[in-house]
Amino acid sequence: MTEKPRAADPVESGSTPGGSATAGQSAGEQPRVVIRDNRKISKSEVPAAADAGADTPAEGLVEDAEIVVDEIEVEAASVDGPPVVDAPAQPVEGGAPPAAAPLGAELEALRAELDERTRDLQRVTAEYANYRKRVDRDRSLVQEQATGSVLAALLPILDDLDRAREHGDLVGPFGTVAEQLTTALGKFGLSAFGEQGDPFDPTRHEAVAHQTSTDVTEPTCVQVMRRGYQLGERLLRPAMVAVADPE
């Protein structure tokens with residue numbers, strides 16, 4: 001900013017406050033001396049400058065000082081004020097920003113891949129559960145078959161024990177051992193069937209003789225030649241019987 005000309009100091013210009021010139025100089029003969037001071041005058045210096053003289057340059061000086069002070073106050077206000085914070089950007093109305101479209105497509109692709117992986121995991125889990133059930137079922141079946149094979153090999157011994165019991169030879173210590181053997185085999189699920197008077201069942205009985213009788217109303221086992229055995233629900237050997245049919 002270009003400052004206005006400042007009035008000459010009375011001491012430096014050789015004039016007194018009353019306006020008289022020094023020796024050898026008059027106010028009309030000498031030009032006015034203007035001293036430019038680049039210093040800015042604050043409000044406290046305005047009264048002193050006004051008291052220095054009552055001429056027009058002094059008034060201009062006061063005006064210049066006031067302008068400078070106003071500018072300083074404006075600059076101070078702009079510096080001391082709160083920091084300027086940019087407001088957040090507002091979403092554009094009428095649709096998402098262009099960058100949201102690729103993100104949405106990528107999100108949909110990830111969701112589709114997640115659903116596919118979830119279905120694969122569920123399928124594998126179901127297949128493994130079925131595999132475990134099949135293995136357990138096959139293990140039980142193999143165990144039952146192995147037990148049945150061993151028990152089937154012991155059936156002739158049980159037949160000899162039955163014949164000895166019928167003849168009354170199964171007494172004493174030998175009878176005790178026979179009972180313990182029958183009890184131990186029963187713990188594995190072995191059970192005997194086939195008694196005289198049972199209804200004839202072709203799925204469980206093997207008929208080796210037929211006769212008629214007025215004492216029966218249906219085919220009946222009238223004589224058991226060899227008892228049958230089963231392991232649980234599995235038939236190991238059918239019973240050998242003689243069947244009487246009604247007349």
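This short talk describes one arginine and one pocket in a predicted model.

Good morning. I shall begin with Arg-237, which lies in strand 5, a strand that covers residues 234–237. Is this residue buried or exposed? Its relative accessible area is 12%. Arg-237 therefore counts as buried, since the cut-off for that term is under 20%.

What does the side chain of Arg-237 reach? One partner is the side chain of Asp-159, and the polar contact that joins the two is 2.7 Å. Another partner belongs to the backbone: the side chain of Arg-237 reaches the oxygen of Arg-227 at 2.6 Å. Setting aside residues up to four places away in sequence, Arg-237 also touches others, including Leu-155, Phe-193 and Tyr-229.

Let me now turn to the second largest pocket. Its volume is about 230 Å³. Asp-159 and Arg-227, both already named as partners of Arg-237, are among the residues that line this pocket. Arg-226, which Arg-237 touches, is also part of the lining.

Which element gives the largest share of the lining? Helix 4 does, with five residues. Helix 4 runs over residues 100–166, and strand 3, residues 220–226, also gives two or more residues to the lining.

As for the character of the lining, eight of its residues are charged, two are nonpolar and one is polar. Among the charged residues named in the lining are Asp-162, Arg-163 and Glu-166.

Finally, consider the domains. Domain 1 (104–188) and domain 2 (190–246) each supply at least three residues to the lining of the second largest pocket. Thank you for your attention.

Key: Residues numbered from 1 in each chain as written. Predicted model: local features only at pLDDT ≥ 70, side-chain atom pairs only at ≥ 80, totals over all residues. Heavy atoms only, no water. Helix = DSSP H or I, 4+ residues; strand = E, 2+ residues; numbered from the N terminus. Buried < 20%, exposed > 50% of the residue type's maximum accessible area, 1.4 Å probe, protein only. Polar contact = N/O pair within 3.5 Å; in protein donor to acceptor, adjacent residues only side chain to side chain. Contact = heavy atoms within 4.5 Å. 1 Å grid on protein atoms, 1.4 Å probe; cavity = no way out; pocket = protein on both sides within 12 Å on 5 of 7 lines; lining within 4 Å. Points joined across faces, edges and corners; volume = space filled by probe spheres on them. Nonpolar A, V, L, I, M, F, W, Y, C, P; charged D, E, K, R; others polar. Domains from an automatic or database assignment.
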